[in-house]
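Take a look at the chain below. This report walks through a few of its features, one at a time.

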Amino acid sequence: MKEPPGTQVASETDLDFKPTIQGNGEHHENFVLRLVRTIRNNLFHGGKYPLRPVDDDARNPRLLEAGITVLEQCLDLSERVRETFKETG
């Protein structure tokens, strides 16, 4: 929550990241899950920094670890979700 992933945006000439902020009236839980989705989207669909080096290359693993922790905790909240996850794994 202190350093949430940015949302990648494209301008006419460059790729950049804008801050990901909690929406007005958005529940904390929904925001956290949206951050996990943003981590995933940046990982699989990001621009791969074609024009400049990454400022903090240790940040990506930290974001992934945080996202995995959130998802693991979600499995503990619902037996139905946990069982479905086990069936598809």
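## A threonine in a loop

Thr 20 sits in the loop that links β2 and α1. The model is predicted. Is Thr 20 buried or exposed? Its relative accessibility is 7%. Buried means under 20%, so Thr 20 counts as buried.

The side chain of Thr 20 has two partners to look at. The backbone oxygen of Pro 5 lies 2.6 Å from the side chain of Thr 20. The side chain of Thr 7 makes a polar contact with the side chain of Thr 20, at 2.8 Å.

## The hairpin

Strand β1 covers residues 7-10. It pairs with β2 in the antiparallel sense, and four bridges join the two. Together β1 and β2 form a hairpin, with four residues between them. Which residue in β2 stands opposite Gln 8? That residue is Phe 17.

## A nonpolar patch

Leu 43, Phe 44 and Leu 64 make a nonpolar patch on the surface. The patch measures about 280 Å².

Leu 43 belongs to helix α1, residues 28-45. Its relative accessibility is 43%. Partly exposed runs between 20% and 50%, so Leu 43 counts as partly exposed.

## Confidence in the model

The mean pLDDT of the protein chain is 85. A value of 70 or more is reached by 88% of its residues. Among the elements, helix α2 (residues 59-77) has the highest mean, 92. Strand β2 (residues 15-18) has the lowest, 80. Where pLDDT is low, predicted coordinates should not be read in detail.

Terms used. Residues are numbered from 1 along each chain as its sequence is written. Side-chain values use heavy atoms; hydrogens and water are left out. Patches are made of residues with over 30% relative accessible area and no salt bridge: like charges are joined within 9 Å, nonpolar side chains (Val, Leu, Ile, Met, Phe, Trp, Tyr) within 5 Å. Accessible areas come from the Shrake-Rupley method with a 1.4 Å probe; for residues, only the protein chains shown count as cover. A salt bridge is a side-chain nitrogen of Lys or Arg within 4 Å of a carboxyl oxygen of Asp or Glu. Buried means under 20% relative accessible area, exposed over 50%, partly exposed in between (1.4 Å probe, protein chains only). pLDDT is the predictor's confidence in each residue, from 0 to 100. Two strands pair if DSSP finds at least two bridges between them. A polar contact is a pair of N or O atoms within 3.5 Å; within protein, one must be able to donate a hydrogen and the other to accept it, and residues adjacent in sequence count only if both atoms are side-chain atoms.
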